[in-house]
Number of protein chains: 2
Amino acid sequence: MDKYFKIAIDEARKGLSEGGIPIGSVIVHNGEILGKGHNRRVQKRSVILHGEMDAFEDAGRQPASVYKDSVLYTTLSPCPMCTGTILLYGIKKVIIGENSNFLGWEDLLRKNDVEVVVLNDRECISMMESFIKDNPELWNEDIGE
Amino acid sequence: MDKYFKIAIDEARKGLSEGGIPIGSVIVHNGEILGKGHNRRVQKRSVILHGEMDAFEDAGRQPASVYKDSVLYTTLSPCPMCTGTILLYGIKKVIIGENSNFLGWEDLLRKNDVEVVVLNDRECISMMESFIKDNPELWNEDIGE
């Protein structure tokens, strides 16, 4: 398994162990981890810290040229908010663990020339599936439903 | 002037007085202010706290039905990130101070049945215009350029 994707899964697991929603993300530039994070809706009572957003916040203020040359890993297909953030900063490639529990705005990413790879990773699928089954209200809140 | 829009401008001014980017936002539900905030890129070294995002974070965890029945005020046309967040939470109406210094994704909002009102407010235009003139690099960083 890709070592960066493995770190995204580790972040998702960390979120779960904290009582949170198990979605993790990593941003990589030239083989170096710029930022990583996980969903913190529960932990920080945040409505904007999805996994991808937490990774951006961890990466912090970078020159546009750095973000435009970076790859983002996420365990779950990115929602409209995270898709917009990926496009704002010009991330060129997004590697997604799975999109069977939730399909985000992958089409809008592709339409804007972002390379999108979906891994259909079994561990991501089963971790998210059982979380949603056990916490339907919390999950719906996270996707605005 | 609409009293909520005036509060959004006050938030933008507060940001400016803190040395930050002067963009403010307010989220209103049934005539009650749910959250308000301003861009905090400089103040918190944040890459996700645009004015609108700061207002969402201030509003916090709300039932989907509340966000879906809310109006968002912002002094400047919303970028892709903030547009995605508005759509994630199903905000039904967005009132924008101006879009002449920056035109965000208003078309995507309209396409998704969000009512969009642009006020062409002179104070917003001149405050942002002079900020961009004096801080071109900071401004470009904020819009990923």
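Student: Leaving aside neighbours within four places in sequence, which residues is Phe56(B) in contact with in this predicted model?
Tutor: Contact here means heavy atoms within 4.5 Å. Since this is a predicted model, local features need pLDDT of at least 70, side-chain atom pairs count only at pLDDT 80 or more, and totals for chains, interfaces and linings use all residues. Residues are numbered from 1 along each chain as its sequence is written, chains are lettered from A and ligands numbered from 1 in the order in which they are written, and side-chain values use heavy atoms, with hydrogens and water left out. On that footing, the partners of Phe56(B) are Val47(A), Ile48(A), Ile27(B), Tyr67(B), Leu72(B), Thr85(B), Ile86(B), Tyr89(B) and Ile91(B).

Student: Which residues have the most contacts inside the largest nonpolar core?
Tutor: A nonpolar core is a set of buried Ala, Val, Leu, Ile, Met, Phe, Trp, Tyr and Cys residues joined through side-chain atoms within 4.5 Å, where buried means under 20% relative accessible area, exposed over 50% and partly exposed in between, with a 1.4 Å probe and protein chains only. In soluble globular proteins, nonpolar side chains tend to be buried together. The largest such core in this model has 72 residues, and those with the most contacts inside it are Phe56(A), Trp139(A), Phe56(B) and Trp139(B).

Student: In what pattern do the helices and strands of chain A follow one another along the sequence?
Tutor: Helices (H or I, at least four residues) and strands (E, at least two) are DSSP runs, numbered from the N terminus. By that count chain A comes to seven helices and five strands. Read along the sequence, they give α-β-β-α-α-β-α-β-α-β-α-α.

Student: How compact is chain A beside a globular protein of that length?
Tutor: The radius of gyration is taken over C-alpha atoms, and the globule rule is 2.2 Å times the number of residues to the power 0.38. The C-alpha trace of chain A spans about 40 × 30 × 25 Å along its principal axes, and buried residues make up 59% of its 145 residues. The radius of gyration of chain A is 14 Å, close to the 15 Å that the rule gives for 145 residues, so chain A is as compact as a globular protein of that length.

Student: Is helix H4 of chain A largely enclosed by the rest of the structure or exposed, and how many of its residues are buried?
Tutor: Helix H4 covers residues 80-88 of chain A, and its buried residues include Pro80(A), Met81(A), Cys82(A) and Leu88(A). Just after H4(A), Gly90(A) takes a positive phi of about 70 degrees. The helix is largely enclosed by the rest of the structure, because the buried residues number nine of the nine.

Student: What is the phi of Arg45(A), and where does Arg45(A) lie?
Tutor: Most residues other than glycine have a negative phi, and most peptide bonds are trans. Arg45(A) is exposed at 55% relative accessibility and lies in the loop between strand S2 (32-38) and helix H2 (51-59) of chain A. Although Arg45(A) is not a glycine, its phi is positive, at about 45 degrees.

Student: What phi does Asp113(A) have, although it is not a glycine?
Tutor: Asp113(A) lies in the loop between helix H5 (106-111) and strand S5 (115-118) of chain A. Its relative accessible area is 71%, and Asp113(A) is therefore exposed. The phi of Asp113(A) is positive, at about 65 degrees.

Student: Which residues does Ile95(B) touch, not counting residues up to four places away in sequence?
Tutor: Ile95(B) has its place in strand S4 (residues 93-98) of chain B and is buried, with a relative accessible area of 9%. Its C-alpha lies 9.9 Å from that of Tyr4(B), although the two residues are 91 apart in sequence. The residues that Ile95(B) touches are Val71(B), Leu72(B), Tyr73(B), Thr74(B), Val117(B) and Leu119(B).

Student: Is Ser70(B) buried or exposed, and at what relative accessibility?
Tutor: Ser70(B) lies in strand S3 (residues 70-76) of chain B. Not counting residues up to four places away in sequence, Ser70(B) touches Ile27(B), Val28(B), His29(B), Leu34(B), Ile91(B), Lys92(B) and Lys93(B). Ser70(B) counts as buried, at a relative accessibility of 0%.
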